[in-house]
Amino acid sequence: MHNIPKISESEWEIMKIIWKDSPITSEQILLQLPDENQWSDQTVRTFINRLLKKQVIGFEKSGRGYKYYPLFSEKECVKAESQSFLKRVFGGVAGSMVTNFLEEVHLSEKEIEQLQKILTEKQEKADNNPKA
């Protein structure tokens, strides 16, 4: 995986829109932001410039303006952020993180079934590929 720069919470809001609908202009981004953000055009442009400097997005000239597109997929960024969080908060121990979340969150029956299925698949893989 490429070295993906850290993306701030506000930059994530911009990236969600770019991933969903790119290439996209800053004006289109502003129109798609949730109402609670109430960011000015200049604020949106500041976040875009930060993402450009971090090389998370690229741009193409379009008439008198620019259209922006992601240089990393959403999946790549989520994976990088998840790994960073895991290391920072749980010392890299995934089991501790999962246990903490399961103890603190209410899960529906369907969600529990999905988790059981994932754990069963993981167990089967571990049984078939024991580490020497």
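Which residue in E2 does Glu-60 stand opposite? Select Glu-60 and look across to the partner strand: the residue there is Lys-67. Keep in mind as you go that this is a predicted model.

**First stop: the hairpin.** Widen your selection to residues 57-62, which make up strand E1, and residues 65-70, which make up strand E2. The two strands run antiparallel, and six bridges join them. Now move to the turn: two residues lie between E1 and E2 in this hairpin. One to click on is Gly-63, whose phi is positive, at about 65 degrees.

**Second stop: a charge over a ring.** Stay with the hairpin strands and show the side chains of Lys-61 and Tyr-66. The charged end of Lys-61 sits over the Tyr-66 ring, 4.9 Å from the ring's centre.

**Third stop: two helices.** Next, select residues 74-90 for helix H4 and residues 94-104 for helix H5. Their axes are 9 Å apart and the packing angle is about 85 degrees, so H4 and H5 are roughly perpendicular to each other. To see where they meet, show Phe-85, Leu-86 and Phe-90 in H4 together with Ala-94, Ser-96, Met-97, Asn-100 and Phe-101 in H5.

**Last stop: the aromatic rings.** The whole structure holds six aromatic pairs. One of them is Phe-85 with Phe-90, an edge-to-face pair with centres 5.9 Å apart and planes at 70 degrees. Add Phe-101 to your selection, and you have one aromatic cluster of Phe-85, Phe-90 and Phe-101. Turn on the surface to finish: Phe-85 is partly exposed, at 28% relative accessible area, whereas Phe-90 counts as buried, at 18%.

Key:
Residues numbered from 1 in each chain as written. Predicted model: local features only at pLDDT ≥ 70, side-chain atom pairs only at ≥ 80, totals over all residues. Heavy atoms only, no water. Pairing = 2+ DSSP bridges. Helix = DSSP H or I, 4+ residues; strand = E, 2+ residues; numbered from the N terminus. Phe/Tyr/Trp six-rings, centres within 6.5 Å; stacked < 30°, edge-to-face > 60°. Buried < 20%, exposed > 50% of the residue type's maximum accessible area, 1.4 Å probe, protein only. Lys NZ or Arg CZ within 6 Å of the ring centre and 35° of its normal. Axes fitted to C-alpha atoms, helices over the stretch in contact; angles between N-to-C directions. Parallel < 35°, antiparallel > 145°, perpendicular 65-115°, else oblique. Contact = heavy atoms within 4.5 Å.
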